[in-house]
Amino acid sequence: MTTYSLRKGTPDKTRADLVVIGVSQNPDAKGANALEVCPGGEAIAAAYGRKFAPLLSSMGFSGKTGEVLRVPTGGTVKSAQLLVIGMGPRDGLTTEKVRRAAGVAARNVGNAASVALALPAIDAAHVRAVADGFLSGGYRYTAYKSGASKEPVAEVAILSDAARQKDSIDALATAQAVAATMSAARDWVNAPANDFAPLDFAAAITEFGKQRKGSGVKIKVYDVDELTELNCGGILGVGMGSENPPCMVKLTWQPDKPRGHIALVGKGITYDSGGLTIKPGGSMATMKFDMAGAAAVVAAIYAIAELKLPVAVTAWAPMAENMISGDAMRPGDVLTMHSGKTVEVLNTDAEGRLVLADALALAAEEKPDAIINIATLTGPCIVALGEKIAGLFGTDDAVAAVTTAAEVSGELVWRLPIPEATREQVRTESKVADLLQHNWVRWGSALYAAAFLQEFVDGLPFAHLDIAGPAYNSGGPWGHVPSGGTGFGIATMVQYVAAVAQNSR
Ligand code: BES
Ligand code: ZN
Ligand code: MN
């Protein structure tokens, strides 16, 4: 366990194994003259005096984003080692830059048992960014690596002149609550599908709940019989082809005198082979991650409960494995959904919308103030926005609130439309059923998927995050984002609910 503290900043006099500062580049200068210490680190640079920038420069440090340099201090300051993080061009120390730098720092602490972070924690928002970045950036998935255990840092001190302000103290608490549940969500996403079928996932959530006894979150797992009872034709249809039965987890956070009720719905496909509309081999390789939406809503509700946010929240995680067998769902099949609507399936690889449809309809029956859906829903959304930006769809009110929340959390989202004409296609283009699941038109199919989902929310305020790109990092770590499951969306959903609490005071 790592203990975090927030202290008034005197980094030169702080005794730690390692002290971390940021250094940025002045684009109008060259070599050592271009290096400028960032706020928070001034006292370190002052202790070295005029030789500081030339020293860094002589070791090949240029200050570009993500660059790291570790130097023994030889007694110049109280800490034994100095870790310098490149912050790139000096224009504006956004919270996002700081979050990324702190993430880079977390991966480069070496053997240090105690670390002092003298990064730009100039106000509460930047304290949050330093804490988020360091907590999140140090994550590694080692469950299946022999002998990979590494002692975590024992003590981390965040140095900030704003340390004694209440909003800074709250910012650290929020960062810790989110990081702890995010780490569990990443573990679930990274877990290989052979050890993580729907019932394993549900059991992992139940176990997580037990470890957090007293969290106040109630858990209910629906098995196949109960899903049958509820006419959840979408979840059952998708799960039919697998040896591993589908299920659904519902979590409830019900504070006293709630200032609203929000439903969170997340796609929980523990493996997506595509089903009979099978994926090409290469596209299947990362499909254990197709439950990242479900992991995110579970993590979010536990963080919300930990922070005791005064808003009622319900999280729905429909789970299935999309596989092939003699029992598998066929293109051309018609499913009857929980809402009573019938759906003609034309592409078994568009399975996410089918499991979500049932969960959305169940969520809508409770008449929450808004429904937030999160899903690794469509490859086409990655085509539209790239791997780092989530597509955001829905009604104006909910979309605006999620956008604002994402600005605070630092997660990148971009609105895409649900055109009325597309909704019309969903409702009219099946010759046999009420709704058409997929129309095989190549263009705009992330929009079609969103339009399909909206058929099940009963006209409620609705936002849908398509996280097919940002949920999983198949490359190397960058900034505060590790390889593999990223935990994308959790911080935004927690912030969204925090804002609901704030705005209805
Ligand atoms: N889980 C995939 C979405 C996905 C694809 C995420 C690639 C990340 C990378 C989803 O179930 C799916 O297969 N979607 C289809 C949508 C299509 C039928 C409109 C896809 O991406 O081909
Ligand atoms: Zn999928
Ligand atoms: Mn699919």
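Okay, quick one before we start: when I say polar contact, I mean a pair of N or O atoms within 3.5 Å. Keep that in mind, and remember that this is a predicted model.

So, ligand 1. An oxygen atom of ligand 1 sits 2.8 Å from an N or O atom in the side chain of D349, so that pair falls inside the cut-off I just gave. Then there are two contacts with the backbone. A nitrogen atom of ligand 1 is 3.4 Å from a polar backbone atom of T376, and for L377 a backbone N or O atom comes in at 3.3 Å from a nitrogen atom of the ligand. As for cover, ligand 1 has 500 Å² of accessible area on its own, and the protein covers 84% of that.

Who else is around? The ligand is surrounded by 20 residues, and the closest are D272, K279, D349, E351 and G379. So D349, whose side chain makes that 2.8 Å pair, is on the list of closest residues too. If you sort the shell by class, you get seven nonpolar, six polar and seven charged residues. Helix α12, residues 379-385, brings the largest share of the shell, with three residues.

Now, which pocket does the ligand take up? The space taken by ligand 1 is the second largest pocket.

Let's look at the largest pocket, then. That one holds about 1200 Å³ of space. Its lining runs to 34 residues, and T2, L135, G138, Y139 and P152 are the ones nearest its centre. Which helix gives the most to that lining? That's α5, with nine residues. Among the elements that supply at least two residues each are β1 (3-7) and α4 (124-137). By class, the lining of the largest pocket has 17 nonpolar, nine polar and eight charged residues.

Last stop, the inside. How many cavities of 30 Å³ or more does a search of the whole structure find? Just one. The largest cavity has a volume of about 50 Å³. Its lining includes A185, V189, F488 and I490, along with A292, A295 and A296. Helix α10 (292-306) gives the most here, three residues, and α5 (166-190) also supplies at least two. So α5 turns up in the lining of the largest cavity as well as in that of the largest pocket. And how many charged residues line the largest cavity? None: the lining is nine nonpolar and two polar residues.

That's my tour. Happy to go back to the ligand if anyone wants another look.

Conventions
Residues numbered from 1 in each chain as written. Chains lettered and ligands numbered in written order. Predicted model: local features only at pLDDT ≥ 70, side-chain atom pairs only at ≥ 80, totals over all residues. Heavy atoms only, no water. Near = heavy atom within 4 Å. Polar contact = N/O pair within 3.5 Å; in protein donor to acceptor, adjacent residues only side chain to side chain. Areas by Shrake-Rupley, 256 points an atom, 1.4 Å probe, with all protein chains shown as cover. 1 Å grid on protein atoms, 1.4 Å probe; cavity = no way out; pocket = protein on both sides within 12 Å on 5 of 7 lines; lining within 4 Å. Sits in = over half its atoms within 2 Å of the grid points. Helix = DSSP H or I, 4+ residues; strand = E, 2+ residues; numbered from the N terminus. Nonpolar A, V, L, I, M, F, W, Y, C, P; charged D, E, K, R; others polar. Points joined across faces, edges and corners; volume = space filled by probe spheres on them.
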